[in-house]
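Let's take a friendly walk through a protein model, residue by residue. Have the sequence at hand and the viewer open.

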Amino acid sequence: MTTKVIVKNGRARNMLLTVEPWADQYVVSAGQVVEVVDVSNEVADTFEVESTADGLVVYGWPGSTLEVFCKNCRVEPRDQNIPFE
């Protein structure tokens, strides 16, 4: 069974999605939907999701490997030197 959380940006502007504990960051455009998926073969646990001023933080659990997908394509984390907005 795949464990995932579906994230939809309902804001009128971009939001920042951070995946912890790796500090991977993704910019999610207004109206865009992405999936945060555990791709490990570990026993599924639960995600913790935190709302921030800039977006959301999704926390994995020990042994998890989280990846972000948009329209079934894996998304690479953004370069953290690139400005958010």
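The report below covers strands, charged pairs, rings, cysteines and backbone angles.

This is a predicted model, in which local features need pLDDT of at least 70, side-chain atom pairs count only at pLDDT 80 or more, and totals for chains, interfaces and linings use all residues. Residues are numbered from 1 along each chain as its sequence is written, and side-chain values use heavy atoms, with hydrogens and water left out.

**Strands and their partners**

Helices and strands here are DSSP runs numbered from the N terminus, with at least four residues for a helix (H or I) and at least two for a strand (E). Two strands are called paired if DSSP finds at least two bridges between them. Strands β1 and β4 run antiparallel and are joined by six bridges. One place to look is Val-7, which stands opposite Val-34 in β4. Strand β4 is also joined to β7, again antiparallel, by four bridges. Here Glu-35 has Phe-69 in β7 as its bridge partner.

**Charged pairs**

A salt bridge means a side-chain nitrogen of Lys or Arg within 4 Å of a carboxyl oxygen of Asp or Glu. By that rule the model holds three salt bridges, set out here with their N to O distances.

| Basic residue | Acidic residue | N to O distance |
|---|---|---|
| Lys-4 | Glu-35 | 3.4 Å |
| Arg-74 | Glu-67 | 3.1 Å |
| Arg-74 | Glu-76 | 2.5 Å |

What does the salt bridge between Lys-4 and Glu-35 tie together? Lys-4 lies in strand β1 (residues 3–8) and Glu-35 in strand β4 (residues 33–38), so the pair ties together parts that are 31 residues apart in sequence.

For accessibility, buried means under 20% relative accessible area, exposed means over 50%, and partly exposed lies in between (1.4 Å probe, protein chains only). Lys-4 is partly exposed at 43%, and Glu-35 is partly exposed at 23%.

Glu-67, Arg-74 and Glu-76 are linked in a network of salt bridges. Within that network, Arg-74 is partly exposed at 43% relative accessible area, whereas Glu-76 is exposed at 54%.

**An aromatic pair**

A pair of aromatic rings is described by the distance of the centres and the angle of the planes. Rings of Phe, Tyr and Trp (its six-membered ring) pair if their centres lie within 6.5 Å; planes under 30 degrees apart count as stacked, over 60 as edge-to-face and the rest as tilted. The count under this rule is one aromatic pair. Its members are Phe-47 and Trp-61, with ring centres 5.3 Å apart and planes at 70°, so the pair is edge-to-face. Phe-47 sits in the loop between β4 and β5 (48–51), and Trp-61 in the loop between β6 (55–59) and β7, so the two rings tie together parts that are 14 residues apart in sequence. Are these residues buried or exposed? Both Phe-47 and Trp-61 are buried.

**Cysteines**

A disulfide is a pair of cysteine sulfur atoms within 2.5 Å, and a search of the whole structure finds zero of them. Why is Cys-70 not bonded to Cys-73? The sulfur of Cys-70 is 7.8 Å from that of Cys-73, its closest cysteine sulfur, which is too far for a bond. Cys-73, likewise, is in no disulfide. Cys-70 is buried, with a relative accessible area of 16%, while Cys-73 is partly exposed at 47%.

**Backbone angles to check**

Most residues other than glycine have a negative phi, and most peptide bonds are trans. Against that background, three places deserve a look in your viewer.

The peptide bond from Glu-20 to Pro-21 is cis, with omega near 15°. Pro-21 belongs to the loop between β2 (15–20) and β3 (24–28).

Lys-71 has a positive phi, near 55°, and is found in the loop between β7 (66–70) and β8 (73–75). Asn-72 also has a positive phi, near 65°, and is placed in the loop between β7 and β8. Lys-71 is exposed at 75% relative accessible area, and Asn-72 is exposed at 74%.

**Towards the end of the chain**

Arg-78 lies in the segment after β8 and counts as buried, at 18% relative accessibility. Arg-78 and Arg-11 are 67 residues apart in sequence, and their C-alpha atoms are 20 Å apart in space.
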